Amino acid sequence: MTTFNVNDMTCGHCQKVISQAFATQLPQAVVTIDLAKHQVTVEGVTAEQAQEVIKEEGYTPELAV
């Protein structure tokens, strides 16, 4: 499980865009999005794969510590 802080994910539209990107590009990924905390948690794929999907949608994912 990998968690990213995505501080530029600010609304429901952002959440939907990221969810749809994973569904299309990495359907095996299990994605949980916490909009209030600006976090995306991903299981089933590598951190690099997940980060790339988020970046391709125009967001700035930072690995949560």
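How far apart do the end C-alpha atoms of residues 1-62 lie, and how much of the span is helix and how much strand? I looked this up first, keeping in mind that the model is predicted. The two end C-alpha atoms are 14 Å apart. Helix takes up 39% of the span and strand 24%.

I then checked the record for this stretch. UniProt, in an unreviewed entry, puts the feature "domain: HMA" at residues 1-62.

Next entry: the core. I find 18 residues in the largest nonpolar core, and Phe22 and Ile54 have the most contacts inside it. Two or more residues each come from α1 (12-25), β3 (39-43) and α2 (47-56). The largest share belongs to α1, which gives five residues. For context, I note that nonpolar side chains tend to be buried together in soluble globular proteins.

I followed Ile54 a bit further. Leaving out residues up to four places away in sequence, Ile54 touches Phe4, Val6, Ile18, Phe22, Val40, Tyr59 and Pro61. So Phe22, the other residue named for most contacts in the core, is among the partners of Ile54.

Last entry: cysteines. How many disulfides does a search of the whole structure find? I get zero. Cys11 is in no disulfide, and its nearest cysteine sulfur, in Cys14, is 3.5 Å away. From the other side, the closest cysteine sulfur to that of Cys14 is in Cys11, and I count no bond because 3.5 Å is too far; the cut-off I used is 2.5 Å.

Are these two buried or exposed? Cys14 is buried, with a relative accessible area of 7%, while Cys11 is partly exposed at 31%.

How values were computed:
Residues are numbered from 1 along each chain as its sequence is written. This is a predicted model: local features need pLDDT of at least 70, side-chain atom pairs count only at pLDDT 80 or more; totals for chains, interfaces and linings use all residues. Side-chain values use heavy atoms; hydrogens and water are left out. A nonpolar core is a set of buried Ala, Val, Leu, Ile, Met, Phe, Trp, Tyr and Cys residues joined through side-chain atoms within 4.5 Å. Buried means under 20% relative accessible area, exposed over 50%, partly exposed in between (1.4 Å probe, protein chains only). Helices (H or I, at least four residues) and strands (E, at least two) are DSSP runs, numbered from the N terminus. Contact means heavy atoms within 4.5 Å. UniProt positions are given in the numbering used here, feature names are shortened, and annotations may be inferred rather than shown by experiment.
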